[in-house]
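Dear colleague,

Please find below the structure that I am handing over to you. I would be grateful if you could keep it open while reading the notes that come after it.

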Amino acid sequence: MITKKIDIAIESLNNGNLVAIPTETVYGLSGNAFDEKVIEKIFTLKERPLNNPLIVHIKSYDYLEKIAKDVPDIAMKLAKNFWPGPLTLVLNKKHLVPDIVTAGKETVAIRVPSHPLTLEILEKLDFPLAAPSANPFSTISPTTAEHVDHYFGNDLEVILDGGVCEKGIESTIIGFEGEYPIVYRLGSLSIEEIENKIGKVYTKNKNDVSPVAPGMLSRHYAPRTEMVLVDEPKSKLKYFPNKKVGVLSFKNTIKSLQEEDQEILSREGNLNEAGKKLYAAMHRLDSKDFDIILAERLPNVGIGKTINDKLERATKKEDKLESEIELFKDLEKDIIINSVFPGIIP
Ligand code: TXA
Ligand code: MG
């Protein structure tokens, strides 16, 4: 059931159920972080591997030391500056946090979300909320209550509707190696904003055989439809004359293409607006049975960097496309279309 009533959500959480909650980043699939049985339900419903730890959502900065220890000064500074907000800190955990939440790690990921409904819920509960994004493992994250309903409507008693998520992209995750802050996942708090407060930070966001944060997995946030990331979608249309092509653009409509086949992230070229609309646009394009979606790479600054990172994980790379084109450039045109792309167009 989709509801705006927080009392219903609180009662359900107190009864040991999962509740979808709005945050400023994306919707979360939440439950009592101190109850192992509840946490098991989260992993099962999300079909998430048990080695992929969850974020614990707390009500305020003051609660931090109830569940984390040896907190570096720089983490305190980050928390003071950016909480409530889209920053997750990975810190040494206290015993109170069950191992299943942290996938057996000695660290726990923590944040104070800034959505008023969820903050009010956290105020009224006796426990913090463990919550991954409210989508099946490696699909597009939900930024509206309807997205969650589409994924889990039959399994959840309560989906709390807090409107469209303000930021629209997951939190930025920072861990510490000694005293040094390391960005493990690019998110809706930009590197520039972080560096303005604490100086240079290192990023280890790239793919890894054994990723520190599985948000680092190379294919993630992915639509079902094949998506290709390109600098200029318009100039790539010619390669798909007989295909149904959808386009995800930063700010401009392509005149030669039907308007309903295009999603524009921000007509004014505002990167924050683009971030807010990104996942909803991907959800819509993915529901339309295109053969392929061409996504435009955004300017690589601020949240643009984060958006490009999410798009890269959701797409095939343009260089792959072009190398394949290069390889077959001497062949007949329709052979190119039919035989070069079978890996791209199923
Ligand atoms: O914005 C967000 O962060 C949203 C909202 C609901 O708060 N949550 C979210 O959760 O994106 P999830 O589970 O989809 O992503 C959490 C990421 C995963 O990549 C996980 O591996 C990483 O956080 N993580 C959790 N605990 C960690 C730990 N102890 N060390 C390293 N990475 C950790
Ligand atoms: Mg997620």
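The notes below begin with the whole chain and then turn to strands, two prolines and a pocket.

Please bear in mind that this is a predicted model. The protein chain has 346 residues, of which 56% are buried. Its secondary structure amounts to 13 helices and 17 strands. If one takes the contacts between residues at least 6 apart in sequence, 67% of them join residues at least 24 apart. The chain exposes about 15,700 Å², and carbon and sulfur atoms account for 48% of that area.

I turn next to strand E6 (87–93). Six of the seven residues of E6 are buried, so that the strand is mostly covered, where buried means under 20% relative accessible area. E6 pairs with several strands, as follows.

- With strand E5 (residues 68–69), E6 pairs in the antiparallel sense over two bridges; here Lys69 has Asn92 of E6 as its bridge partner.
- With E7, the pairing is also antiparallel, over four bridges, and Leu89 is matched with Ile110 of E7.
- With strand E10 (residues 172–177), E6 runs parallel and is joined by three bridges; the bridge partner of Leu87 in E10 is Thr172.

Two prolines in loops deserve a description of their own. Pro86 lies in the loop between helix H4 (73–82) and strand E6. Is Pro86 buried or exposed? Pro86 counts as buried because its relative accessibility is 9%. Leaving out neighbours within four places in sequence, Pro86 is in contact with eight residues that can be named in full: Glu24, Thr25, Arg111, Lys167, Ser171, Thr172, Ser188 and Leu189. Thr172, one of these contacts, is also the bridge partner of Leu87. Val26 is 60 residues away from Pro86 in sequence, yet their C-alpha atoms are 9.8 Å apart in space.

Pro113 is placed in the loop between strand E7 (107–111) and helix H6 (116–124). Pro113 counts as buried because its relative accessibility is 0%. The C-alpha atoms of Pro113 and Pro86 are separated by 6.6 Å, although the two residues are 27 apart along the chain. Not counting residues up to four places away in sequence, Pro113 touches Thr23, Glu24, His57, Ile58, Pro84, Gly85, Thr118, Leu119 and Leu122. Glu24 thus appears among the contacts of Pro113 and among those of Pro86.

Another strand to look at is E13 (residues 227–230), in which Met227 and Leu229 point one way, Val228 and Val230 point the other way, and all are buried. E13 and strand E16 (residues 292–296) run parallel and are joined by four bridges. Within this pairing, Leu229 stands opposite Ala295 of E16.

Finally, I come to the second largest pocket, which has a volume of about 270 Å³. It is lined by 12 residues, and those closest to its centre are His150, Tyr151, Arg224, His283 and Asp286. Which helix gives the most to this lining? That helix is H7, with three residues. Helix H7 (145–152) and helix H10 (271–286) each supply at least two residues. By residue class, the lining divides into four nonpolar, six polar and two charged residues.

Yours sincerely

Terms used. Residues numbered from 1 in each chain as written. Chains lettered and ligands numbered in written order. Predicted model: local features only at pLDDT ≥ 70, side-chain atom pairs only at ≥ 80, totals over all residues. Heavy atoms only, no water. Buried < 20%, exposed > 50% of the residue type's maximum accessible area, 1.4 Å probe, protein only. Pairing = 2+ DSSP bridges. Contact = heavy atoms within 4.5 Å. Areas by Shrake-Rupley, 256 points an atom, 1.4 Å probe, with all protein chains shown as cover. 1 Å grid on protein atoms, 1.4 Å probe; cavity = no way out; pocket = protein on both sides within 12 Å on 5 of 7 lines; lining within 4 Å. Points joined across faces, edges and corners; volume = space filled by probe spheres on them. Nonpolar A, V, L, I, M, F, W, Y, C, P; charged D, E, K, R; others polar.
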